[in-house]
Structure formats: C-alpha cells, structure tokens
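Dear colleague,

I am passing on to you the structure we spoke about, together with its sequence. Please look it over before reading my notes below.

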Amino acid sequence: MNFDYNEEQQLLADSVRRFLQKDYDFEKRKAILQKGWSEQVWATFAEMGLTGLPLSPDYGGFGGGAVDLMSVMEAFGEALVVEPYLPTILAALVIAKGGDAKQKQAILPQVAEGKMRLALATSERGVIGAPMADKVVFARGNAVTVGKPTIVKSYRTVDDLAAADIRLEKGEPLGAASKAVVDEVLDFGTALSCAEAVGAMKFACDTTLEYLKTRKQFGVPIGAFQALQHRMVDMFIAYEQAKSMACLACSRTDSHENAADRARAVSAAKIKIADSARHISQESVQLHGGMGMSEELKVSHTFRRLTVLTRRFGDADHHLARFASL
C-alpha cells in the first residue's frame, strides 16, 4: 500500500497544522479549556471546509472519506484539540446514511457550514460533545432517533473533552437508520480515533527526542546515553507501526468491503494502536523524569489523551474478542 498523502490531502494537512501551531498552541489551549471550547476555532474549522469534508456535495460538503480525514485527525491529535469535531462528523454521517430527505436537508447543510454541532450516543452516559450539541443522534439497538438532548450532568473527561449524561425524551425516528448503519459509522469513527492517536504519539516522540537532546546530565545531553537512544528508537518504531495500521483501517473503511472485512481491519488497528499508545505514552513520561507528569508540560496531557483513546470505541480486549469472532 502507498501510505503517502496525495497532493490535496497534504495541502489540507499543512493548512490545518499551520493554523493549530499559530492559534492552538499549548498556552492558547489552556485559555480555551477555561471556557470549555472555542466558537472561534469551530468557525475556522468550518471556513477551512473541515465540518463538511465527509459530507456529500449535495449538502455543501466535499464527499471525503476516512483517508481524507486522516491528516486532519493526526493534526488534532498532535494539538490535543478539544472541540467536538469527531462527534459532530459521526452523527452527521448517521443522518446522511439513514435519515430521510427532510432530515438531511434540515441538518447536514448547517453542519457543513459550522452552524450546528451534533453528538452520537449509544447510551445516556458519557456522551462526548453533548454539552455543546444542538442535536444528538441516539442509537439503541435498531432504534435510532435524533433530537435536542436534556443535559442531566455535564463534566470533562480525563483528557479535557466536554461530555455529559443525557436524556433524549422527544427524539424523532431517524429515517431508515439501523444498527448496521450505526456500526459502519462507529467503525469509521474508530479508524479516525486511531489516526488521532497517531498524531498524539508523534508529538510524544518528537517532544521526548527534543528533551533528550537538551537535558544535560554529567555535562552531556542525556540523549548521548545509548540506553536512552535504544528506548527512543523503540518509541519511533511503535509509532510507525501504529501509523501503518491506522492507514490500513482508514483505507478499508473507505473501500466499502463487506462488513466483516471492514470490522477485522478496524479491530486489528485498534489493538495495535492501544499497544503502541501505551508504550509511547509511558516511555515519554518516564524519559522526561518527574517533570513528565506535571500540568505545565504538554506531554502529560498527551499521556491522558492517549490513555483515553485506547479505550474510546472499545478497548483492546473488546476488539480482540471481535477480531477473533470474525
């Protein structure tokens, strides 16, 4: 497989990274966390076409797939973005695949324009993005509904995302949406969460390497010690393996193969991502010494994001069991 981005994908990745480096550095992210999220950042995402990227041109989108979104999610993982991008995209895709014409026309253009935020829920607890969602797509078994949620309790996850326990009392049935549609979209989301984890792993590797080059002990950079060099090499190998598996999962998701083949590739990627994320996050903290767990260093927040991403959309044990059953 060719794991390189095409020209359009690379241009998008570069523009997203430039924006995040300029307007979403670690200090600016701290200010955003005080408010929970940034409407201005969300508006910029919409201006860049990100909110409409996976939606049909019929609704103001660009018809992109998981591979097109990979570079975006990697950049979000590096910057530890807290805006509810993935929850909105996944809920919009359930509507696009299963909603009726009226529902699609009422919701999807507004999502593409950045005027509406969504969340996707499979239970009433721990719904990511619910506090700022205008509507929630709620899937339970074969019943899929959409409506304005009642927030029972809102809070932040350990990796700083806004979440809530909700009730959806007056949701309307969502067209022909079914469990199969929701499962397909959840696999799409799992593949993209793998890409997000790859971005976070890249930052962890890069910042740890930089620290080893500058931190001195006995008058020399600690990166000069061979034992630490070997550990750093192992981190980069784990990162490259994880990136390859994320690419495979996204490409299989886009290829519209049968559900079993798609699920097998996604679960295999999630298993490898969980292993690499655990190794890289733990090593990055340890190689930073006691500073690695301090609030002042971004690497500690990256550790939290990677820890959560290994469990979001099912942990390694869940995906091992699913892979074995296929």
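What follows is a short account of the core, the aromatic rings, one helix position and the sheet.

This is a predicted model, in which local features need pLDDT of at least 70 and side-chain atom pairs count only at pLDDT 80 or more, while totals for chains, interfaces and linings use all residues. Residues are numbered from 1 along each chain as its sequence is written, and side-chain values use heavy atoms, with hydrogens and water left out.

I begin with the nonpolar core, meaning a set of buried Ala, Val, Leu, Ile, Met, Phe, Trp, Tyr and Cys residues joined through side-chain atoms within 4.5 Å; buried here is under 20% relative accessible area, exposed is over 50% and partly exposed lies in between, with a 1.4 Å probe and protein chains only. The largest such core has 87 residues, of which Leu20, Phe76, Tyr85, Val94, Val137 and Met201 touch the most other members. Helix H7 (residues 179-214) gives the most to this core, with 16 residues, where helices (H or I, at least four residues) and strands (E, at least two) are DSSP runs numbered from the N terminus. Apart from this core lies another, of ten residues, including Val136 and Ile166.

Turning to the rings, those of Phe, Tyr and Trp (its six-membered ring) pair if their centres lie within 6.5 Å, and planes under 30 degrees apart count as stacked, over 60 as edge-to-face and the rest as tilted. The count by this rule is six aromatic pairs; in one of them, Phe76 and Tyr85 meet edge-to-face, at 5.3 Å centre to centre and with 85° between the planes. Phe76 is buried, with a relative accessible area of 3%, and Tyr85 is buried as well, at 2%. Ring pairs link these two residues with Phe19, Trp37, Trp42 and Phe45 into a cluster.

Ser71, which has its place in helix H4 (residues 66-79), is buried with a relative accessible area of 1%. Leaving out residues up to four places away in sequence, Ser71 touches Tyr5, Gln9, Ala13 and Arg17, contact being heavy atoms within 4.5 Å.

Finally, three strands form an open sheet in the order S2-S6-S5, with antiparallel pairing; two strands pair if DSSP finds at least two bridges between them. Strands S2 (127-128) and S5 (150-156) stand at the edges with a single partner strand each, so one side of each is left without a neighbour in the sheet. Six bridges join S5 to S6 (residues 162-167), and Tyr155 stands opposite Ala163 in S6.

With best wishes
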